[in-house]
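Dear colleague,

Please find below the structure that I am handing over to you, together with its sequence. My findings follow directly after it.

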Amino acid sequence: MPLFNVYPLYDVTPVSAKGVYIYDENNVEYLDLYGGHAVISIGHGHPKYVDAITNQVAQLGFYSNAIQNPLQKQLADTIEALSGCEKYELFLCNSGAEANENALKLASFHTHKKKVVAFKNGFHGRTSAAVAVTDNSKIIAPINAQQEVEILELGDLLGLEKALSKNDVCAVIIEIIQGVGGLDESTAEFYEGADALCKKYNTCFIADEVQSGFGRTGDFFAFQKYKIRPDIIPIAKGMGNGFPIGGILIHPSIKASFGLLGTTFGGNHLACVASLAVLKVIEEENLMENVKEISAYFMEKAKVVPKLKKVKGRGLMLGLEFDFPIADIRKKLIYTHKIFTGSAKNPNVIRILPSLTVKKEHIDLFFKALITELN
């Protein structure tokens with residue numbers, strides 16, 4: 001049976017990985033500076049992560065949410081302690097799209113409204129409401145397009161107030177740093193203004209931290225650079241270091257009731273221990289400080305890159321923007337220099353999303369290869 005052909009694939013077949021390196025079937029070593037879309041947060045095969053999953057699956061891998069699972073409460077408490085998001089409540093699911101789907105659904109339940117405001121170049125997932133609020137008409141099917149969505153320019157406070165003043169918007173959903181869109185970030189005035197407008201018009205402010213959360217920016221969440229308090233915070237990707245897990249942090253003003261949200265696999269025992277292991281390593285190895293140090297080093301090294309238009313992003317959620325498409329350069333980085341990087345909706349941007357454990361010598365290897373191909 002053939003696979004449904006929806007992915008353009010590079011001719012690389014990884015069979016093992018360790019730290020920031022991936023190895024193919026011929027034992028060729030690749031430097032992983034993309035982490036499978038910002039998923040690998042503490043490095044491939046971290047021993048504490050492997051031990052946690054191995055020990056848990058030997059005891060109990062899965063049972064439904066109809067029973068007690070103390071690991072879920074332990075995970076919620078650990079996220080609260082490390083993130084500083086006090087008194088939020090946690091609902092667990094399986095992916096970033098599910099996190100955003102549940103966030104939008106919960107916002108609609110809470111406000112009794114159904115329209116959503118999102119922003120150009122935003123990406124929130126490929127499921128029903130999540131894809132409807134994503135700015136990419138090519139991946140929105142007619143069944144998704146029935147959602148009531150208004151997409152504004154990132155930074156447009158006047159347009160946002162005009163939309164909210166009609167009192168039919170349940171949620172404003174924003175990536176503080178856009179991921180797939182190309183690492184754009186607006187201003188404190190915009191994010192703080194948007195938060196204030198949401199509170200004024202009884203609209204949920206959803207800060208989509210699916211890609212930017214769990215320490216990737218040097219703060220636990222990207223929104224923490226600003227004076228805002230989101231109503232709902234979707235999380236996923238780096239949360240499980242490769243094990244499928246997602247969730248939403250929910251402000252205490254939004255009340256739960258039995259049956260309001262639900263999932264079969266969300267918050268299962270293996271998912272919880274995977275995420276707990278990630279948080280333990282982030283804390284014990286001081287990885288958010290490493291993110292800040294390596295990010296500053298990256299910015300300094302980028303100053304000598306020829307033809308570079310701009311460095312975008314924060315922490316280890318970074319982009320290098322040029323005045324020309326970078327697809328051929330990425331191919332050369334993979335096939336000639338054995339380095340994985342990422343692309344964006346903006347064809348001129350190379351995305352860099354390595355493990356939070358990455359070191360300066362790995363950044364040096366990347367820039368040496370990049371400059372070689374640009375000269």
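In strand 12, glycine 319 is the bridge partner of lysine 312. Please bear in mind that the model is a predicted one. The bridge belongs to the pairing of strand 11 with strand 12 (residues 317-322), which is antiparallel and runs over six bridges. Helix 11 (residues 360-374) packs on the sheet, where it touches strand 12 and strand 14, and its direction makes about 15° with that of strand 12.

The sheet itself is open and consists of three strands in the order 11-12-14, with antiparallel pairing. Its edges are strand 11 (308-314) and strand 14 (349-352), each of which pairs on one side only. On average, neighbouring strands of this sheet are turned by 15° against each other, direction ignored.

Strand 12 also pairs with strand 14, again in the antiparallel sense, over four bridges. Glycine 319 appears here as well, standing opposite arginine 351 in strand 14. In a regular strand, side chains alternate between the two faces of the sheet. In strand 14, Val349 and Arg351 point one way, while Ile350 and Ile352 point the other way. All four of these residues are buried, the arginine included.

A further open sheet contains four strands in the order 1-2-3-13, and its pairing is mixed. Strand 1 (14-18) and strand 13 (339-340) form the edges, each pairing on one side only. Strand 3 (residues 29-32) pairs with strand 13 in the parallel sense over two bridges. Within this pair of strands, leucine 31 stands opposite isoleucine 339 in strand 13.

I turn next to the empty space in the model. Rolling a probe the size of a water molecule over the atoms shows where such space is left. How many cavities of 30 Å³ or more does a search of the whole structure find? The search finds two.

The largest cavity holds about 40 Å³ of space. Its lining is made up of Ala38, Ser41, Gln211, Gly213, Phe214, Arg216, Gly238 and Leu356. By class, these residues divide into three nonpolar, four polar and one charged.

The second largest cavity has a volume of about 30 Å³. The residues that line this cavity are Phe119, Gly122, His124, Leu154, Ile173, Ile174, Glu175 and Gln178. Here the division is four nonpolar, three polar and one charged.

Among the pockets, I examined the second largest, in which about 990 Å³ of space lies. This pocket is lined by 33 residues, and the closest to its centre are Gln72, Leu90, Phe91, Leu92 and Ala256. Which elements each supply at least two residues of the lining of this second largest pocket? They are helix 3 (70-83), strand 4 (89-93) and strand 10 (246-250). Helix 3 provides the largest share of the lining, with eight residues. By class, the lining of the second largest pocket has 17 nonpolar, 11 polar and five charged residues.

For a first look at the model, I would suggest glycine 319, which is the bridge partner of lysine 312 and also stands opposite arginine 351.

With kind regards

Key
Residues are numbered from 1 along each chain as its sequence is written. This is a predicted model: local features need pLDDT of at least 70, side-chain atom pairs count only at pLDDT 80 or more; totals for chains, interfaces and linings use all residues. Side-chain values use heavy atoms; hydrogens and water are left out. Two strands pair if DSSP finds at least two bridges between them. Axes are lines fitted to C-alpha atoms, for helices over the stretch in contact, and angles run from 0 to 180 degrees between N-to-C directions. Contact means heavy atoms within 4.5 Å. On a 1 Å grid over the protein atoms alone, a cavity is a set of points where a 1.4 Å probe fits but cannot get out, and a pocket is an open set with protein on both sides within 12 Å along at least five of seven lines; lining residues have an atom within 4 Å of a point. Grid points are joined across faces, edges and corners, and a volume is the space filled by probe spheres set on the points. Ala, Val, Leu, Ile, Met, Phe, Trp, Tyr, Cys and Pro count as nonpolar, Asp, Glu, Lys and Arg as charged, and the others, Gly among them, as polar. Buried means under 20% relative accessible area, exposed over 50%, partly exposed in between (1.4 Å probe, protein chains only).
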